[in-house]
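Me: I should like to learn how the strands and helices of a structure are read. May we work through one case together?

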Amino acid sequence: MQRRSSRTAVVRRLCARPDRSAPELAISLALPMSVVAPLLRQLVFEGLAIESRERGTNSGRALPRYRLDPARLAILGADVGVDRIRVVATSLSGHVLASATQAQGKGRSAMSCIDSLATTTLRVCEKLGKAAPHVVGMGVGLPGHQHEPAGELPADSFLRTRDIPFGSLLARELEGSQLEGTPLFVSTAADVAALGEFEFGPVIDGPACLLYLSLEEDLHAGIVVDGQLLPNRRPSVSGIGHTILQVDGPRCACGRSGCAKAMIGSRSLLGSTEPGALEALRRRLEAGAPEALSAVASAGACLGTLLHNLALLYRPSRIVVGGPLIVLGDALLRPARSALGEGDFPLQRRRAELSPSHFGDDAVAVGAAALVRHRLCGGLDGATSLAARRSDATSTPRLFLTG
């Protein structure tokens, strides 16, 4: 187990900071050279890492430096939303290699959605070309709260069906294609977006907590603590949209008053769920319309209060906000930062930085790819691969399976 975790740490560090020497990796990871050097040689032997040499400045010796081979491996990530499906293929470092989007109408069946997802995914594989890298796995981000350890989620209400074994059905739909037997992972959209920021965003050294909050009709949070995803089935995470921010606040759809969803969510802010409502609000902000500026500033202040409360609970190193409402920019984030900065943060040396998602509109799709790296690098424990149970494990590169 220790060797597996050390290998995972080396892989992640090479993804984030390539062209490192063995001594540099050993120092940055606080691992002995006797552990790091053999792992690097093994990665090179497997053809997954590239070794280059750079002349040393002191002794004159050529120092081997290492990076993962970007042409060897790819990951697929999918964002299954209410009105569209977005699929990306990324490198191990999160760089988007190919992508495709399929518009979806409301009220469609679950199987229609899964069929469209499979078709869009295969279209992305075609875009990778003849010399395509080996796809090590696919991740899917679905709307909703519940996280199932078996990798299956109840579908959200837009599919008009409940308790859908989404992952199993998708794996069946991909049978007979080049993706048959590819490890497949499913989780909530907020969870995978949080993992995308953690795995592919700026490196956080040492023990860390990253909090991701998606701003849409409802509010969804994903939290990564010390490199591990906090399961979204916990009420403190999944029910974040129904945190009371104002006792006598506006009425929420749940029947209570003053919920975060009723004060920050897109339906309350826009007054409509029509496709052009958000863009219309953004244009009014640009034109300096007083009522638009006031409404967005109020929502931003409530957002800051919610984040302040979450920061007191989880003491995150970074706070990232994503989702459709991010297009409102500083008009929303400036008052949020102000409210977040008010008051003291006991036991926290410095306040968390608040920033918009590093991946913008691709946050969930890229995050779903990050879910694959996160699960496979750490071993198939807990949130298991649905397809891998039926496939030969040797189809997955040893980068992820040996320890």
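Me: Which residue in β8 does Val140 stand opposite?

Reply: Please note at the outset that this is a predicted model. In general, strands of a sheet pair through backbone hydrogen bonds, either parallel or antiparallel. In this structure, Val140 stands opposite Val186 in β8. The two strands concerned are β7 (residues 134-142) and β8, which pair in the parallel sense over 5 bridges.

Me: In what order do the strands of that open sheet follow one another?

Reply: The order is β6-β5-β4-β7-β8, making 5 strands with mixed pairing. At the edges lie β6 (96-103) and β8 (184-188), each of which pairs on one side only. On average, and with direction ignored, neighbouring strands of this sheet are turned by 15° against each other.

Me: Which strands does helix α4 lie across?

Reply: Helix α4 (residues 110-127) lies across β4 (73-80), β5 (84-90), β6 and β7. With respect to β6, helix α4 runs at about 150°. Helix α6 also deserves attention: α6 lies across β5, β7 and β8, running at about 110° to β8.

Me: What is the strand order in the open sheet that contains β9?

Reply: That sheet has 5 strands in the order β11-β10-β9-β12-β13, and its pairing is mixed. Its edge strands, β11 (228-229) and β13 (353-356), each pair on one side only. Within the sheet, β9 (residues 209-215) and β10 (residues 219-225) pair in the antiparallel sense over 7 bridges. As an example of residues facing each other, Tyr212 stands opposite Gly222 in β10.

Me: Which strands of this sheet does helix α6 touch?

Reply: Helix α6 (residues 189-200) packs on the sheet and touches β9, β10, β11 and β12 (318-322). The direction of α6 makes about 45° with that of β10. Helix α11 (residues 290-314) packs on the sheet as well, touching β9, β10, β12 and β13. The direction of α11 makes about 155° with that of β9.

Me: Let us end with a single residue. Is His374 buried or exposed?

Reply: A residue counts as buried when its relative accessible area is under 20%. His374 has a relative accessible area of 4%, and is therefore buried. The place of His374 is in helix α13 (residues 363-377).

Me: Which residues does His374 touch, not counting those up to four places away in sequence?

Reply: With those sequence neighbours set aside, His374 touches Arg12, Leu195, Glu199, Gly227, Gln228 and Leu229.

Notes. Residues numbered from 1 in each chain as written. Predicted model: local features only at pLDDT ≥ 70, side-chain atom pairs only at ≥ 80, totals over all residues. Heavy atoms only, no water. Pairing = 2+ DSSP bridges. Helix = DSSP H or I, 4+ residues; strand = E, 2+ residues; numbered from the N terminus. Contact = heavy atoms within 4.5 Å. Axes fitted to C-alpha atoms, helices over the stretch in contact; angles between N-to-C directions. Buried < 20%, exposed > 50% of the residue type's maximum accessible area, 1.4 Å probe, protein only.
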